[in-house]
Amino acid sequence: VELVESGGGLVQAGGSLRLSCAASGRTFSSYAMGWFRQAPGKEREFVAAINWRFGSTYYADSVKGRFTISRDNAKNTVYLQMNSLKPEDTAVYYCAAGKSVTMPRVDYWGKGTLVTVSS
């Protein structure tokens, strides 16, 4: 099983980025796919998740209204559209796969992609 993130980079505050996570190695139709992030010196935290089959979504309060998670079933890819970025969004963003959209447990992790938001 492999989750490969892409799309990270440097952006100014107020800008936008779109992260992608390409999944391979198994069928994820019974899974939820999501994103976590870890800022320097902080614990990894949940950002957003989507149920692969039904498309239901779940967001952390800190990103509601700014971030949107979506999926392309044909491409086995999950996206995280990040708008109105803030310096506090700076972190390594990890793609994750788990059995529930609330992600109480993660079965698979990607290696992460760095997002840096400058003020």
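Which two residues form a disulfide, and how far apart are their sulfur atoms? Select Cys21 and Cys95: these form the bond, with their sulfur atoms 2.0 Å apart. Keep in mind as you click around that this is a predicted model.

**Stop 1: the disulfide.** Don't go hunting for others, as a search of the whole structure finds one disulfide. Colour strand β3 (residues 17–24), where Cys21 lies, and strand β9 (residues 91–98), home of Cys95; the pair therefore ties together parts that are 74 residues apart in sequence. Now look along the S-S bond: the torsion about it is about -80°, so this disulfide is left-handed. Switch on a surface and you'll find that both Cys21 and Cys95 are buried.

**Stop 2: the tryptophan.** Next, select Trp35, which sits in strand β4 (residues 32–38). Is Trp35 buried or exposed? Trp35 is buried, and its relative accessible area is 0%. Add Ile69 to the selection and draw a C-alpha to C-alpha distance: Trp35 and Ile69 are 8.7 Å apart in space, with their positions 34 residues apart in sequence.

**Stop 3: the open sheet.** Go back to β3 and show its sheet, an open one of four strands in the order β1-β3-β8-β7, with antiparallel pairing. At the edges are β1 (2–6) and β7 (67–72), each of which pairs on one side only. On average, neighbouring strands here are turned by 15° against each other, direction ignored.

**Stop 4: β7 against β8.** Zoom in on β7 and strand β8 (residues 77–82), which pair in the antiparallel sense over six bridges. To finish, pick Phe67 and look across to β8: its bridge partner there is Met82.

Methods
Residues numbered from 1 in each chain as written. Predicted model: local features only at pLDDT ≥ 70, side-chain atom pairs only at ≥ 80, totals over all residues. Heavy atoms only, no water. Helix = DSSP H or I, 4+ residues; strand = E, 2+ residues; numbered from the N terminus. Buried < 20%, exposed > 50% of the residue type's maximum accessible area, 1.4 Å probe, protein only. Disulfide = S-S within 2.5 Å. Pairing = 2+ DSSP bridges. Axes fitted to C-alpha atoms, helices over the stretch in contact; angles between N-to-C directions.
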